[in-house]
Amino acid sequence: MNITILGAGNAGCTVAADLSLKGHKVTLCKTSYKLHNENFKVIEQVSSIKLEKGRESYNAQIYCVTTSLEKAITVDTELIIVYIQTNYHEQLIKKIEPYLFDNQMILFEPGYLSTAYLIKYTKKQVISIEAESSPIDCRIIEPGVCTILFKNIRNPIAVYPKNKTEYVLNKLDSLEYHFSPLESVVEAALHNPN
């Protein structure tokens, strides 16, 4: 899949590396306007992330590393994964709206009833997916290096519109994160442990 990850913190970087190693074409976009931190500078320079899984280590090439939403979200982008603090979801949705296309999937990790903001700010036919939590617990241990502490064995998600649930589960199966459906995006938001 062509995947864009918005947010270059612990989870965004680790999932970008993990999905790249699984053969996906991943764009990693730093969305904050703060000065580049050392971790992002390293990733930007080498377009790769070293991923540690237990005693094994892998070098994951990242297709595109950017701070530009215009470069990060294109007509070819099938899935957008949002890995930023939930209290900034509304601002982010306003910023990405001009770059969205019909039938794109947006996965909020975790969800915070951000589907309501999508409905409020766009008329495009995007599919909203809200997750209870991230499928991977991880940390950046040094600039350009992430470690996986553990992977969740079940990752509940909800889809809006609900009639797209089976389609979404089939598409997301290639991520290998064991997503399981919930009844509604409200349920996902209320179970967000954060």
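Lys53 is partly exposed in this predicted model, with a relative accessible area of 31% (buried is under 20%, exposed over 50%, partly exposed in between, using a 1.4 Å probe and protein chains only). Its salt-bridge partner is Asp18: the two side chains meet at 3.5 Å, N to O (a salt bridge puts a side-chain nitrogen of Lys or Arg within 4 Å of a carboxyl oxygen of Asp or Glu). Asp18 sits in helix H1 and Lys53 in strand E3, residues 48-53, so this pair ties together parts of the chain that are 35 residues apart in sequence (helices, H or I of at least four residues, and strands, E of at least two, are DSSP runs numbered from the N terminus). Asp18, unlike its partner, counts as buried, at 0% relative accessibility. The link is also part of something wider, since Asp18, Lys22, Lys53 and Lys151 are joined in a network of salt bridges.

A word on the numbers: residues count from 1 along each chain as its sequence is written, and side-chain values use heavy atoms, with hydrogens and water left out. As this is a predicted model, local features need pLDDT of at least 70 and side-chain atom pairs count only at pLDDT 80 or more, while totals for chains, interfaces and linings use all residues.

The structure holds eight salt bridges. Side chains of opposite charge can pair when their charged atoms come close. One of the bridges brings the side chains of Lys162 and Glu183 to 2.7 Å, N to O. Lys162 lies in the loop between E11 and H6, and Glu183 in the loop between E12 and helix H7 (185-190), so the pair ties together parts 21 residues apart in sequence. Here Lys162 is partly exposed, with a relative accessible area of 48%, and Glu183 counts as exposed, at 55% relative accessibility.

Another of these bridges joins the side chains of Lys124 and Glu97, at 3.4 Å, N to O. Lys124 is in the loop between helix H5 (115-121) and E8, and Glu97 in the loop between H4 and E7, so that distant parts of the chain, 27 residues apart, are linked. Lys124 is partly exposed, with a relative accessible area of 25%.

Asp102 turns up in this neighbourhood too, in the loop between H4 and E7. Asp102 counts as partly exposed, at 45% relative accessibility. Leaving out residues up to four places away in sequence, Asp102 touches Lys124 and Gln125 (contact means heavy atoms within 4.5 Å). The C-alpha atoms of Asp102 and Lys124 are separated by 5.4 Å, although the two residues are 22 apart along the chain. As for Gln125, its backbone nitrogen lies 2.7 Å from a polar atom of the Asp102 side chain.

Now for the sheet. This is an open sheet of eight strands in the order E5-E2-E1-E6-E7-E8-E11-E12, with mixed pairing (two strands pair if DSSP finds at least two bridges between them). Strand E5 (64-66) and strand E12 (179-181) form the edges, each pairing on one side only. Strand E1 (residues 2-6) and strand E6 (residues 79-82) run parallel and are joined by four bridges. Within that pair, Leu6 stands opposite Val82 in E6.

Several helices pack on these strands. Helix H1 (residues 10-21) lies across E1, strand E2 (25-29) and E6, whereas helix H4 (residues 89-96) lies across E1, E6 and strand E7 (105-108). Helix H6 (residues 165-172) has Thr165, Val168 and Leu172 as its buried residues. These are on the same side of H6, and over on the other side Glu166 and Asn170 are exposed. The cover over the buried residues of H6 includes E6, E7, strand E8 (127-131), strand E11 (155-160) and E12.

Strand E8 also holds Ser128, which is buried with a relative accessible area of 2%. Not counting residues up to four places away in sequence, Ser128 touches Ile106, Phe108, Thr115, Leu118, Ala158, Val159 and Tyr160. With Thr115 there is also a side-chain polar contact of 2.6 Å (a pair of N or O atoms within 3.5 Å; within protein, one must be able to donate a hydrogen and the other to accept it, and residues adjacent in sequence count only if both atoms are side-chain atoms).

Methods:
Axes are lines fitted to C-alpha atoms, for helices over the stretch in contact, and angles run from 0 to 180 degrees between N-to-C directions. The arc is that of the directions from the helix axis to the C-beta atoms.
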